[in-house]
Amino acid sequence: MFDDRRGVWARPTGAVGNVSFMSCIRFNTPAQRQAMRDHRPSMLTSEDASRLHPAPLVTESKIRRLRLLAADANPKIRESAASSFNTPEDLFVALSKDPDEGVRACVARNETAPFVVLRSLANDPSERVRGFVAVNFFAPADVMRRLADDRSETVRGLVSWKGALSDA
């Protein structure tokens, strides 16, 4: 039965008395749906969102934390330092020589990694690391030329794919 007072369908149970159950399904009228569409918030552009929510300033304490993360025994923690846009150049250099492939891959795909670091990672023994260098949009042209002749078909394919994007 429909409970007009609450605007829900309810059904009584005979064993425990009259207990009402509400449906989890909500039925809106066409007018209600139109009102929701008319009053929905407008979508922000990425520039608007950046203006409204600026990134915090890079402080000395943030750099100290990145240095601590980069020195951690856990490679996943070092990956977080390698992925930061605020990592200083000397840490990028150190992390690019990390024994863990995942850490080096995070450096390779970081758009703020210095060119000298990306050049060294283009010679990395790991196909995965070289592949991330290949798709990094800030990799220098000489690195891309070198990777176009890489021994790995996958890396060469990534260079070709990235080149096709820039031609489009």
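**Exercise 1.** Classify Lys76 as buried or exposed in this predicted model, then describe its salt bridge.

*Solution.* Start with the accessibility: Lys76 has a relative value of 57% and therefore counts as exposed, since the cut-off for that class is over 50%. Next, find the partner. Lys76 forms a salt bridge with Glu79, and their closest N and O atoms are 3.6 Å apart. Now place the two in sequence: they are 3 residues apart in helix H4, so about one helical turn separates them. Finally, check the partner's surroundings: Glu79, with a relative accessible area of 14%, is buried.

**Exercise 2.** Work out which parts of the chain are tied together by the salt bridge between Arg130 and Asp150.

*Solution.* Begin with the distance: the closest N and O atoms of Arg130 and Asp150 are 2.7 Å apart. Then locate each residue. Arg130 belongs to helix H8 (residues 127-135), while Asp150 is in the loop between helix H9 (141-148) and H10, so the bridge ties together parts 20 residues apart in sequence. To finish, look at accessibility: both Arg130 and Asp150 are buried.

**Exercise 3.** Do the same for Asp90 and Arg67, and say which helices their salt bridge links.

*Solution.* The closest N and O atoms of Asp90 and Arg67 come to 2.8 Å from each other. Asp90 sits in helix H5 and Arg67 in helix H3 (residues 60-70), so the pair links distant parts of the chain, 23 residues apart. For the accessibility step, Asp90 has a relative accessible area of 44% and is partly exposed; Arg67, at 35%, is also partly exposed. If you then count every salt bridge in the model, you should reach 8.

**Exercise 4.** Describe the setting of Ser84 and list its contacts, leaving out residues up to four places away in sequence.

*Solution.* First, the position: Ser84 is in the loop between helix H4 (75-83) and helix H5 (89-95). Second, the accessibility: a relative value of 13% means that Ser84 counts as buried. Third, the contacts: Ser84 touches Leu66, Phe92, Asn110 and Thr112.

**Exercise 5.** Find the residues of the nonpolar surface patch that includes Trp161.

*Solution.* Start from Trp161, found in helix H10 (residues 153-167). At 46% relative accessibility, Trp161 counts as partly exposed. Then gather its companions: Phe115, Phe137, Phe138 and Leu165 complete the patch, which has about 540 Å² of accessible area together. As a last step, turn to the aromatic rings: the count of aromatic pairs is 0, but the charged end of Arg109 sits over the ring of Phe132, 4.9 Å from its centre.

Notes:
Residues are numbered from 1 along each chain as its sequence is written. This is a predicted model: local features need pLDDT of at least 70, side-chain atom pairs count only at pLDDT 80 or more; totals for chains, interfaces and linings use all residues. Side-chain values use heavy atoms; hydrogens and water are left out. Helices (H or I, at least four residues) and strands (E, at least two) are DSSP runs, numbered from the N terminus. Buried means under 20% relative accessible area, exposed over 50%, partly exposed in between (1.4 Å probe, protein chains only). Contact means heavy atoms within 4.5 Å. Patches are made of residues with over 30% relative accessible area and no salt bridge: like charges are joined within 9 Å, nonpolar side chains (Val, Leu, Ile, Met, Phe, Trp, Tyr) within 5 Å. Accessible areas come from the Shrake-Rupley method with a 1.4 Å probe; for residues, only the protein chains shown count as cover. A salt bridge is a side-chain nitrogen of Lys or Arg within 4 Å of a carboxyl oxygen of Asp or Glu. Rings of Phe, Tyr and Trp (its six-membered ring) pair if their centres lie within 6.5 Å; planes under 30 degrees apart count as stacked, over 60 as edge-to-face and the rest as tilted. A charge sits over a ring if NZ of Lys or CZ of Arg is within 6 Å of the ring centre and within 35 degrees of the ring normal.
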